[in-house]
Amino acid sequence: MSVHSLKIPRRGNEAVDMPLNCAEEAAMIAAAAQKIGELLDILRIDHKNDHNTRETPARVAKMYVKELLRGRFAPPPKITDFENAQAYDQLIVTGPIDIKSVCAHHLMPIYGHAYIGILPAPDGKIIGLSKYDRIVDHFAGRFQIQEELVKQIGNFIVEQTQPRGLAVRVSAVHMCKTHRGVRAPHSSRMVNTALYGQMREDPSLKNEFLQECAVLERGA
């Protein structure tokens with residue numbers, strides 16, 4: 001199957017219907033490299049003779065397909081779950097989890113941290129702690145806006161683990177703001193939170209989560 005025959009969603013932060021196989025990935029990289037070379041031609045950058053940019057189209061194409069957009073073309077991480085043997089039902093908070101993503105508006109980096117609060121069901125299951133890092137990394141590997149990133153992470157965890165409550169908080173720097181336009185300082189961040197179940201309904205649980213986030217953030 002050629003790269004051009006793949007059914008690709010309209011939105012850049014959605015996954016393709018099926019993960020790319022090796023042949024499809026290679027075809028996509030080759031086609032992207034050709035177009036990036038055309039862009040450099042338009043910008044009057046000699047990528048054929050300049051030793052600095054000679055391999056740039058191929059490098060950039062490979063970076064986009066295999067790294068920056070990896071969450072579109074690869075399957076989501078497998079969830080390893082365990083029996084909640086002690087019927088633990090109190091809040092668990094994990095973070096900071098590194099976020100490295102790309103702004104969908106200007107294709108500039110987004111970087112920062114995520115914090116996840118889980119209120120497990122006493123008769124349900126719990127998942128391995130490192131899986132939360134892998135889930136965040138998976139959904140960050142797409143063209144994103146932060147308002148949708150926090151929801152994609154939360155929706156996936158809720159669907160996979162069915163907790164009594166969940167909170168996802170993201171604090172990030174957007175280089176589309178620091179390196180262009182207003183050129184804000186890197187201390188300028190965006191913070192947003194998605195709440196589910198009892199974490200949304202009970203203000204005391206929300207406050208406990210935010211307090212724990214503040215403690216973890218000070219120690220980062």
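This report describes the overall build of one protein and then looks at a surface patch, a helix and two buried residues. The model is predicted.

**Overall build**

The protein contains 8 helices and 7 strands. Along the principal axes, its C-alpha atoms fill a box of roughly 65 × 45 × 25 Å. Of the 220 residues, 40% are buried. Among contacts with a separation of 6 or more, 69% join residues that are 24 or more positions apart.

The exposed area of the protein is about 12,600 Å², and 54% of this area comes from carbon and sulfur atoms. The protein carries 28 positive and 25 negative charges, and the mean positions of the two sets are 5 Å apart.

**A nonpolar patch**

Leu39, Ile42, Leu43 and Ile45 make a nonpolar patch of about 390 Å² on the surface. One of these residues, Leu43, sits in the loop between helix H1 (22-42) and helix H2 (56-68).

**Helix H4**

Helix H4 covers residues 129-140, and its buried residues are Lys131, Tyr132, Ile135, Val136, His138, Phe139 and Ala140. In an α-helix there are 3.6 residues a turn, so residues three or four places apart point the same way.

What do the buried residues of H4 pack against? Their partners include three helices and strands that come before H4 in number: helix H3 (70-73), strand S2 (92-103) and strand S3 (109-119). The others are strand S4 (125-127), strand S5 (143-144) and helix H5 (146-161).

**Two buried residues**

Two residues from elements that pack against H4 are set out below.

| Residue | Element | Relative accessible area |
|---|---|---|
| Thr94 | strand S2 | 9% |
| Gln152 | helix H5 | 17% |

Buried or exposed: which word fits Gln152? Gln152 counts as buried because its relative accessible area of 17% is under the 20% cut-off. Leaving out residues up to four places away in sequence, Gln152 touches Asn13, Phe139, Arg142 and Gln144. Of these, Phe139 is also one of the buried residues of H4.

Thr94 is buried too, because its relative accessibility is 9% and the cut-off is 20%. With residues up to four places away again left out, Thr94 touches Ala114, Tyr115, Ile116, Leu129, Tyr132 and Leu216. Tyr132 in this list belongs to the buried residues of H4. Thr94 and Ile126 are 32 residues apart along the chain, and their C-alpha atoms are separated by 13 Å.

Notes
Residues are numbered from 1 along each chain as its sequence is written. This is a predicted model: local features need pLDDT of at least 70, side-chain atom pairs count only at pLDDT 80 or more; totals for chains, interfaces and linings use all residues. Side-chain values use heavy atoms; hydrogens and water are left out. Helices (H or I, at least four residues) and strands (E, at least two) are DSSP runs, numbered from the N terminus. Buried means under 20% relative accessible area, exposed over 50%, partly exposed in between (1.4 Å probe, protein chains only). Contact means heavy atoms within 4.5 Å. Accessible areas come from the Shrake-Rupley method with a 1.4 Å probe; for residues, only the protein chains shown count as cover. Lys and Arg count as positive and Asp and Glu as negative; His and the chain ends are not counted. The place of a charge is taken as NZ of Lys, CZ of Arg, CG of Asp or CD of Glu. Patches are made of residues with over 30% relative accessible area and no salt bridge: like charges are joined within 9 Å, nonpolar side chains (Val, Leu, Ile, Met, Phe, Trp, Tyr) within 5 Å. A salt bridge is a side-chain nitrogen of Lys or Arg within 4 Å of a carboxyl oxygen of Asp or Glu.
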